[in-house]
Structure formats: C-alpha cells, structure tokens
Amino acid sequence: MDKVALITGGSSGIGFEIAKKLAEKKYSIIITGRNLEKLQKAADNIRSLYNADVEAFSSDTTDEESLKKIFLQIKAKKEKLDMLILNAGSVSTKLVSEYANTKDLKREIDINLWGTILATYIFLPLLNKGGKILLISSAFGLMGAAGYTTYCASKAGVINFADALRRELLNKEISVHVACPSDIDTPMYRKEYKNMPEWMKKDARGAAMKPEKAADIILKKCFKNKFLIILTADILSLILLIKLTPIRFKNYILDKIFPIPD
Ligand SMILES: NC(=O)c1ccc[n+]([C@@H]2O[C@H](COP(=O)([O-])OP(=O)(O)OC[C@H]3O[C@@H](n4cnc5c(N)ncnc54)[C@H](OP(=O)(O)O)[C@@H]3O)[C@@H](O)[C@H]2O)c1
C-alpha cells in the first residue's frame with residue numbers, strides 16, 4: 001500500500017512543491033487550503049504529473065470543525081498517515097503600532113501557531129508508527145525582525161512547539177522536524193514584498209530561492225532525520241552568531257543588517 005502524506009496549505013508555494021515531490025516518491029497525497037478552486041487545480045496538476053492518488057479538502061487550518069471532518073473522512077477510509085506536514089501560513093509586514101485592530105494583530109498567531117497546533121492535535125492519532133511530522137516555521141522564528149513582529153512570534157512558537165512535541169513522541173516512533181526557510185519565491189513572498197513599506201526593502205536579503213529547490217532541501221533533510229532544517233549557509237551563520245556570541249554583540253551586528261523604521 002502507498003504511504004500517505006497530508007499537507008496543510010498544499011495548494012501553492014512550498015506546500016505544493018512538497019506535495020509534488022512526495023507524489024513522485026509514490027506517496028498518496030492529501031492537501032488542504034481554503035480556496036477550493038485553487039486546491040482542485042493543484043490536485044489535478046499533481047495527478048497528471050505523477051499519476052498519483054490525490055485528495056483535496058477545503059479547510060481553514062484554524063477551523064476545528066473543518067479539520068475534524070477531514071479526520072473523519074480519512075478514518076472512514078481506514079487510511080493512516082505516514083507524513084503530516086503543517087505548512088499553511090500567512091505573513092503581514094506591519095509595525096505593532098500600525099495594526100488597526102486586535103483581530104488583525106492576532107492573525108499570524110491564529111494561523112501560523114494556533115492553526116499548526118490544532119491540526120497537529122487533530123491528525124496526530126492518524127499517524128503510523130515510523131511516521132514523520134514536519135512543521136514549516138521560518139528563519140524569522142529564530143530571530144526578531146522589525147515589521148515582522150507577530151510573524152516572528154508565531155514562528156518562534158512553532159519551533160518550540162516542535163521541540164517539545166519531538167520529546168513527547170520519542171517513545172512513540174514518530175519523528176518531528178521543523179524547517180526554517182528564509183526568502184522563497186512563492187505567491188506569499190511576492191505579495192509580502194510588494195506590500196512592504198520602503199524602509200523594509202533596504203536590507204541585505206539576496207534573491208529568493210525557487211520553491212522547488214526549497215522543497216527538495218527540506219525533504220532531503222527531513223528524510224535524513226534532521227530536527228532543525230536550515231536551508232542556506234547564510235541563515236546557518238546567523239544562527240551561529242545568535243547562539244554563540246554575547247547578546248550585546250549579536251544585537252550590534254543584527255541591528256546593522258536588518259532594516260529599522262525611522
Ligand atoms: N515564502 C517564503 O519566503 C517563506 C519563508 C519562510 C517561511 N515560509 C512559510 O512557508 C509556509 C508556506 O508559505 P508559502 O510561501 O508557500 O505561501 P503560499 O504560496 O501563499 O502558500 C500558502 C498555502 O497555505 C494555504 N493557507 C493560507 N492560509 C491558510 C489557512 N488559514 N488555512 C488553510 N490553509 C491556508 C494557502 O491556500 P489558501 O490561501 O487557499 O488557504 C496555500 O495553499 C508558510 O507557513 C510560511 O510562513 C515561507
């Protein structure tokens with residue numbers, strides 16, 4: 001029987017490319033996302049490329065009822081999961097003081113952190129022994145950047161959630177992995193870059209990586225059983241700087257590298 005992978009936010013960007021790579025490896029694929037038309041297009045695309053078994057479920061990852069419905073449909077088919085990929089996410093580029101209301105202020109925490117925890121809680125009972133949980137955080141989960149305040153908080157939460165979950169599941173033969181990409185050329189990234197204020201563009205970020213390449217690196221490292229998945233050498237150097245140098249020195253360097261509002 002084929003292995004099965006469920007990918008939240010599998011209709012575009014990194015999630016879609018991960019879904020394609022797993023379909024190529026003969027996994028049956030389940031993708032979720034909010035926009036049904038986009039999901040169906042993505043599912044048709046994966047089926048036609050790899051002759052794969054693909055199911056698409058419309059669901060907001062913060063909506064408990066829609067996740068439970070998917071759980072019940074998978075269970076009714078007596079399917080189990082071999083990979084659970086918590087990828088659905090959202091980003092805004094605003095200063096804390098610029099949010100018009102607290103609903104918007106809480107959006108990244110709701111989708112990126114709570115949505116990840118909720119989907120893990122709902123789908124965990126479906127995981128096979130030997131299964132893998134892969135969470136997609138961000139390099140901004142490892143460091144704070146002005147204008148990404150709530151995003152950084154949500155993604156840091158995902159990393160610590162993954163670390164604690166990894167320890168909880170040590171005796172259950174389920175491994176946990178967390179990926180921390182930096183700029184990846186997806187619809188989210190392009191919208192983020194277009195909408196960001198000018199002061200945020202004055203930084204030393206290089207060209208964004210293609211999502212196919214990001215998915216390839218993430219999956220290779222995940223199958224090599226790496227817990228913390230870092231995609232590029234520049235982010236690895238930043239992490240070493242953050243972890244190994246005194247805070248004052250780290251802040252001195254990062255305050256020079258990262259853009260700061262007037
Ligand atoms: N691109 C980057 O530079 C970058 C860097 C670091 C980390 N990441 C992380 O990588 C993940 C994927 O991002 P991406 O760049 O590939 O974005 P993307 O191309 O916009 O894809 C996001 C996917 O998530 C789905 N989604 C968004 N909100 C959702 C919600 N509330 N419930 C269910 N599905 C939802 C989207 O479909 P619908 O809109 O139809 O729901 C889509 O399938 C995110 O967690 C992001 O934070 C991205």
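At what angle do helix α3 and helix α5 pack, and how far apart are their axes? Before I answer, please keep in mind that what we have in front of us is a predicted model.

Helix α3, which covers residues 64-76, packs against helix α5, residues 107-123, at an angle of about 30 degrees, and their axes are 10 Å apart. Angles under 35 degrees count as roughly parallel, and α3 and α5 are therefore roughly parallel to each other. The way α3 passes α5 is a right-handed crossing. On the α3 side, the contact is made by E64, L67, K68, I70, F71 and I74, and on the α5 side by L118, A119, I122 and F123. If we sort the residues of this contact between α3 and α5 by class, we find 8 nonpolar and 2 charged residues, and no polar ones.

Let me stay with α5 for a moment, since α5 also packs against helix α6, residues 149-168, at an angle of about 20 degrees and with the axes 7 Å apart. That angle makes α5 roughly parallel to α6, and the crossing of these two helices is right-handed. Among the residues that α5 brings to this contact are I109, L113 and I117, while α6 contributes residues including Y151, V158, F161 and L165. Here the contact of α5 with α6 divides into 8 nonpolar, 6 polar and 2 charged residues.

The third pair is helix α1, residues 13-24, and helix α2, residues 36-50, whose axes come within 10 Å and cross at roughly 30 degrees. That makes α1 roughly parallel to α2, and once again I can report that the crossing of α1 and α2 is right-handed. In this pair, F16, A19, K20, A23 and E24 of α1 meet A42, N45, I46, L49 and Y50 of α2. By class, the contact of α1 with α2 has 7 nonpolar residues, 1 polar residue and 2 charged residues.

Now I would like to turn to the ligand. Which residues come nearest to the ligand, out of the 30 around it? They are S11, S12, R34, Y151 and T186. Y151, which we have already met in the contact of α6 with α5, has a polar side-chain atom that lies 2.7 Å from an oxygen atom of the ligand. K38 likewise places a polar side-chain atom 3.2 Å from an oxygen atom of the ligand. For D60, the ligand atom concerned is a nitrogen, and this nitrogen is 3.1 Å from an N or O atom in the D60 side chain.

Methods:
Residues numbered from 1 in each chain as written. Predicted model: local features only at pLDDT ≥ 70, side-chain atom pairs only at ≥ 80, totals over all residues. Heavy atoms only, no water. Axes fitted to C-alpha atoms, helices over the stretch in contact; angles between N-to-C directions. Helix = DSSP H or I, 4+ residues; strand = E, 2+ residues; numbered from the N terminus. Parallel < 35°, antiparallel > 145°, perpendicular 65-115°, else oblique. Left-handed = near helix turned anticlockwise from the far one by under 90°. Contact = heavy atoms within 4.5 Å. Nonpolar A, V, L, I, M, F, W, Y, C, P; charged D, E, K, R; others polar. Near = heavy atom within 4 Å. Polar contact = N/O pair within 3.5 Å; in protein donor to acceptor, adjacent residues only side chain to side chain.
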